[in-house]
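User: Please go through this model with me and set each label against its cut-off.

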Amino acid sequence: MTDLAASSSLASDPRRDAIIRHARRHFTSVGYAGTRIEPIARAANVSTATLYIYFAGKAELFEAVIEDSAIDFIQQMKFVQSASGSAREQLTLYAKAYGDFMADSFVRAIFRLVMAERPRFQQMAARFFEVGRKSFGADLIEALNKLSRTGQLKIDNPTWAAGQLMGMMEHPVFFVPVVSGETVTVRRTISEIAADAVETFLARYNVPDASRPEAGPAPAVAVTLKA
């Protein structure tokens with residue numbers, strides 16, 4: 001895969017964008033083996049020859065689709081970097097945004113596709129998961145470090161702590177539906193899951209201070225915070 005930062009800065013090409021958009025739909029609906037180039041070209045309103053100008057073959061098109069998806073995923077979480085407020089407010093914002101992301105049907109479809117084709121595209125799959133880990137985990141780790149520096153949290157290993165919070169969101173909203181083939185879903189809302197996860201997290205890492213709202217039980221507004 002090419003450098004994502006460089007790729008995201010390239011000027012948009014309407015024909016390439018259309019090819020990628022329709023290729024996404026084909027790959028996620030029928031898989032890599034079932035996808036053919038000609039129907040994608042027709043759907044994108046370009047000739048097959050034009051498609052091959054952009055992509056040398058199906059493998060290159062598949063890698064471009066996954067790379068483009070990874071860039072989209074990064075953009076979805078960027079706003080969390082500017083979060084402010086109390087530890088509870090910041091962590092709830094992150095958990096809710098991450099839960100919404102992991103619950104998205106397209107995100108699940110892309111993850112399934114990458115996992116299914118991992119033996120064929122080892123390097124691409126590794127890059128895809130590395131992008132996800134860095135884009136989400138790094139932002140949360142930075143937030144945890146800041147909250148620790150201001151004395152709101154006491155965390156010896158921010159990497160472990162970030163994994164714990166992310167795991168509390170991933171299990172119910174992503175792994176349970178994916179492993180069960182979408183036949184099992186949780187009854188709680190994303191906001192409820194996020195509130196419970198943050199409450200559990202703060203019970204472990206919060207620094208008690210009567211002057212801060214997160215020292216006591218979660219206020220009702222914490223459940224209704226929106227990303």
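**Labels and their cut-offs**

Analyst: Over residues 4-10 pLDDT (the predictor's confidence in each residue, from 0 to 100) stays under 50, and the model has ten contacts beyond four places in sequence for them, a contact being heavy atoms within 4.5 Å. pLDDT also stays under 50 over residues 210-227, with 31 contacts beyond four places in sequence. Where pLDDT is low, the predicted coordinates should not be read in detail. For the chain, the mean pLDDT is 80, and 79% of residues reach 70 or more.

This is a predicted model, in which local features need pLDDT of at least 70 and side-chain atom pairs count only at pLDDT 80 or more, while totals for chains, interfaces and linings use all residues. Residues are numbered from 1 along each chain as its sequence is written, and side-chain values use heavy atoms, with hydrogens and water left out.

User: Why is R187 called exposed?

Analyst: Exposed means over 50% relative accessible area, buried under 20%, and partly exposed in between (1.4 Å probe, protein chains only). R187 has 87%, so R187 is exposed. R187 is found in the loop between α9 (158-179) and α10 (190-205); helices here are DSSP runs (H or I, at least four residues), as are strands (E, at least two), numbered from the N terminus.

User: What makes the pair of F27 and Y32 stacked?

Analyst: Rings of Phe, Tyr and Trp (its six-membered ring) pair if their centres lie within 6.5 Å; planes under 30 degrees apart count as stacked, over 60 as edge-to-face and the rest as tilted. By this rule the count comes to eight aromatic pairs. F27 and Y32 lie 6.0 Å centre to centre with 10° between the planes, hence stacked. F27, at 1% relative accessibility, counts as buried, and Y32 is buried at 8%.

User: Why is the pair of Y54 and F55 called tilted?

Analyst: The ring centres of Y54 and F55 are 6.4 Å apart and the planes are at 40°, so the pair is tilted. Y54 counts as partly exposed at 26% relative accessibility, whereas F55 counts as buried at 5%.

User: How do you know that the charged end of K58 sits over the ring of Y32?

Analyst: The rule asks for NZ of Lys or CZ of Arg within 6 Å of the ring centre and within 35 degrees of the ring normal. The charged end of K58 meets it over Y32, 4.5 Å from the ring centre. Y32 also belongs to one aromatic cluster with F27, F62 and F121.
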